[in-house]
Amino acid sequence: MERPFVDRTDERSHLRRALKYDGSENPVLVFTGIGGMGKTALRIDFENQALKPDNVPFAAVDYDTDPNLKPIESTLRAMRRQLGRQGVRTPVFDFLYARYFELSMGVKISAQNCPHELESVVNILEGIPAVGSVAQVIHGLSQLGLSIKERLRHKEWLYRLRELEPREVLNLLPEAMAGDLEEAVSTRTPKVLKSSGSRIVLLLDAYERLAEAQLDDALHRKLLSLTPHLLRVVLTRDPLPWDLKFPSEWSGRIIHVPSLEDLCSEDTKTLLREKSVDDPDLQEHLYRLTGGYPFHLELCSDICREIAEATGRKPKTEDFQGTAQARDLTEELVDRLLRQLNDDERDLMGLACYPRWISEEVLEELSSVPESVSRIYRKFMQLSMFSPHPEIADAAVLRQEVRDCLLSKQLSKRWFRKRHGKLSEFHAECWEETGAFHHLQEALYHGFYEDSERAVEVFEKHFWQLLEKCQFAEAGSLLESVPHETLDEKAKRKVDYARARLLTGQAGSQQSLLTANGIYESLIAGENDEESLGLYLFSFGELQCCQGDYAKALEYGLKALEIRRKVFGEEHPDVAASHHNVGDALYEQGEYSEALEHYEKALAIRRGAYGEEHPDVADSLNDMCIINRELGRYSEALAYGRKSLDIRRKIFGEEAPAAAIPLVNIGSVHYYRSEYGEALDYYQRGLAIMSRVYGEEHPKIAILHNNIGSVCQCLGDYEKALEHARKSLSMDLNVYGEEHPNVADSYHNIGTICYRKGEYEKALDYYQKSLAIRVRISGPEHPRVSISYHNIGIIHKEQGEYATALEYFRKSLDICLKFYGDEHPGLAGSYYEIACCLYALNEVDQAFESIRKSIERYLEFDLWKSVPEALYMLAQWLDEQGKSTEAQEARREALKICDEHDMPDLIAELEEKRSGRY
């Protein structure tokens, strides 16, 4: 039987006010309450009384009625069907969903197999080939009737729809739906929106079911965050954690309507009957007593059970006389329940509130009569206020309201701290014996109540060990075990700093990095102690570097260095760490000579402090590997990288996370030297280790996917290269957003893959996106900008646009000369490409001069794989200029180099080029 709807006047008013559209953004309305509280009835009443009579377009999804709607694609398709019947067009979503249908079903969509609502886009999608020109795509999209604004909004993926992976399409579905619905609201289509002055409405009922799947919740959250002008209503049993986990993102964007917490009379009677309270008069009395509040009803049912067990009679209304006048019904009912217990049961209940979870062993540790604990524990497990612990076997948790009530009675007792100390000691011993992490958490939690200063030391010891090992989940759990009410200001700052470092290390999302940013700003603003201030500035600089703001990273790094020199002197390891940070910021800005100075200072200090075989020395050697690689000193770079790897393996072992970093950097040196097989081997070994440490979605993993993608495209495996590059791009966009150097690197890499596949327009598009980000972040004269100019020049050269190509190559060369001087291996490629353009433009003398400069640098830096091709190109030009003897000499030299360096495939390739068969 459907329960009658309770007249929710305030809730109805919230909904009706929010329904009106005045052009302003609308927060998400959240209604919470346990099952049976009337959430669904409120939704249905709103539909019947406000939406349907005025023909307001709405979509209602009930995850309780149909759990199969949980995946975002199912939710969105249900919304699309409902809104479509009410005149709301969703052309972009239809177009994207049709492609998702193809990918998920493994068939090409057609008029015969598509869902009926997608019929209008099937022919359009069929008309876009797997590899089509931008013109073909634009022609297809024009048939959707999209406005220019919509095309620009979705340009990133609309023009490469056939290339998208299934996961990419899935992640875009909420964006596509949101864009269509926002467009409908802004243009007031369908017409009913104009006449009613209303918004489109999305209703999500029983939302708590989505908590089981993090991805589903994330994508649903994305949909709601991208539809600010719609009325979005979430009805859920459990409070939404969004504003706690993502406070900046959702600040001011959620309205928590007062919880729906009261059961009606009929539902009250049903609940009490399930608890064996059968007397109708008592049921009615308890309903009036509690106002239908479920928790109080459960306490009442526990009292009834205890009365029946203790007296052998059925409880009566008289057993609850006077309770209705209680100032605090929870406290009164808890007290009344305690009065029904035996003395030993009552005493043990008072002790059960100290731990965050209980077991027989825990209660035995606290009890003065441990032999009675087993019986009482079994009794407790029959009460509504106890429930099994979701993760710890044979353990239970006490309902928080009861625990708070009981704890308030214990706070003033003189043995309060002593009992916490006893529990801390007990769990510490269990931790030593079993290694079970939940015992460490409890030892720490209780330790703060006994001796906060000592507990901070214990916390820091274990927290920093966990963080050093990249055990982020365990470090986070340890943080959650700290009771903040026990902390003084100094301890609170230490814990806040730990949280900021954890968020930086995890780098789980843009929001987590922003939260860390806010913590550091607060710490720095309120710190007077110079040593602590230096630490906060140092770590804040690290975070800025991670976020790609290298100017700020340098600013804070230099401030930290200045303070640490003053506090510690010149030869302290903390000063070395600051030199390292400053070097990192300078390196990222392309200031390689200055970066090298700071790296060398850090290395010297660390060697003086620790000797040769220390992790910090290995870190500095790794820095020297990277900087020498960028300066073109590949032999020195390899030597530093291998030394760093040897030290880390000796200290930490072959498969330790610390060993992965030099593996990756050694691989990058091989890549720079065009030794792609060696580079791939090192990258894959690094990836195997780092994936175990960081999981599959961390920015460090994204960098490796980008590196592996670069190698794969050089080896001609373009599909695998594209797969790795897109993985990298997806991860980086999720963590950093669009404006970050790593995102620019991913775009650049995808552009190179497209170039090698002969897709020059796509390549140019990706290169230009990468260039725009690099210029905005690093300015127009950065080495990475130089690389973008060079590759854009390559595209124009391949398209026969030699004058334009020459312009880009010269821009690239000018930046390189500024940063490196005339002695760098990277200049060889620039001189070669400039020579090719000059020759094509009939600037013959300049072309010969430039290609000879190129060959000189290839030889100087032992880049043997590039020398023969340049010599063959020189030979071809000499032939064309009638200098056949010199041409023949150049070819002989090329073949000699191929023979000396065991490159038979290159010999064959060059001969094919010469014969014209290539």
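A cavity is a set of grid points where a 1.4 Å probe fits but cannot get out. This predicted model holds two cavities of 30 Å³ or more.

**Figure 1. The whole chain, before the close-ups.** The model is predicted. Its protein chain has 918 residues, and 54% of them count as buried. The chain is built with 46 helices and seven strands. Take the contacts in the chain with a separation of 6 or more: residues 24 or more positions apart account for 64% of them.

**Figure 2. The second largest cavity and its lining.** This cavity has a volume of about 40 Å³. Which residues line the second largest cavity? They are Pro 741, Arg 774, Ile 777, Ser 778, His 782 and Arg 784. Sorted by class, the lining has two nonpolar, two polar and two charged residues. Helix H39, residues 760–778, gives the most to this lining, with three residues.

**Figure 3. Strand S3, covered on both faces.** Strand S3 spans residues 201–205. Five of its five residues are buried. Look at one side of S3 and find Val 201, Leu 203 and Asp 205. Turn to the other side and find Leu 202 and Leu 204. Residues on both of these faces are buried.

**Figure 4. The partners of S3.** Strand S2, residues 58–62, runs parallel to S3. Five bridges join S2 and S3. Among the bridge partners, Ala 60 pairs with Leu 203 of S3. Strand S4, residues 231–236, also pairs with S3 in the parallel sense, over five bridges. Here Leu 202 stands opposite Arg 232 in S4.

**Figure 5. Helix H20 and its buried side.** Helix H20 covers residues 373–380. Which residues of H20 are buried? They are Val 373, Ile 376, Tyr 377, Lys 379 and Phe 380. These residues lie on the same side of H20, because they cover an arc of only 160° around the axis. What do the buried residues of H20 pack against? Three of the elements are helices: H16 (294–311), H18 (343–351) and H19 (360–366). The others are strands S6 (386–388) and S7 (396–398).

**Figure 6. Arg 633, in a loop between two helices.** Arg 633 lies in the loop between helix H32 (615–630) and helix H33 (634–652). Is Arg 633 buried or partly exposed? Its relative accessible area is 37%, so Arg 633 is partly exposed. Leave out residues up to four places away in sequence, and Arg 633 touches Leu 596 and Asn 628. Now compare chain and space. Arg 633 and Pro 825 are 192 residues apart along the chain, yet their C-alpha atoms are separated by 8.6 Å.

**Figure 7. Asn 628, a contact of Arg 633.** Asn 628 lies in helix H32. Its relative accessible area is 4%, so Asn 628 is buried; the cut-off for buried is under 20%. Which residues does Asn 628 contact, leaving aside neighbours within four places in sequence? They are Arg 633, Glu 636, Ala 637 and Tyr 640. Arg 633 appears again here, this time seen from Asn 628. Set the pair side by side: Asn 628 is buried, whereas Arg 633 is partly exposed.

Methods. Residues numbered from 1 in each chain as written. Predicted model: local features only at pLDDT ≥ 70, side-chain atom pairs only at ≥ 80, totals over all residues. Heavy atoms only, no water. Buried < 20%, exposed > 50% of the residue type's maximum accessible area, 1.4 Å probe, protein only. Helix = DSSP H or I, 4+ residues; strand = E, 2+ residues; numbered from the N terminus. Arc of directions from axis to C-beta. Contact = heavy atoms within 4.5 Å. 1 Å grid on protein atoms, 1.4 Å probe; cavity = no way out; pocket = protein on both sides within 12 Å on 5 of 7 lines; lining within 4 Å. Points joined across faces, edges and corners; volume = space filled by probe spheres on them. Nonpolar A, V, L, I, M, F, W, Y, C, P; charged D, E, K, R; others polar. Pairing = 2+ DSSP bridges.
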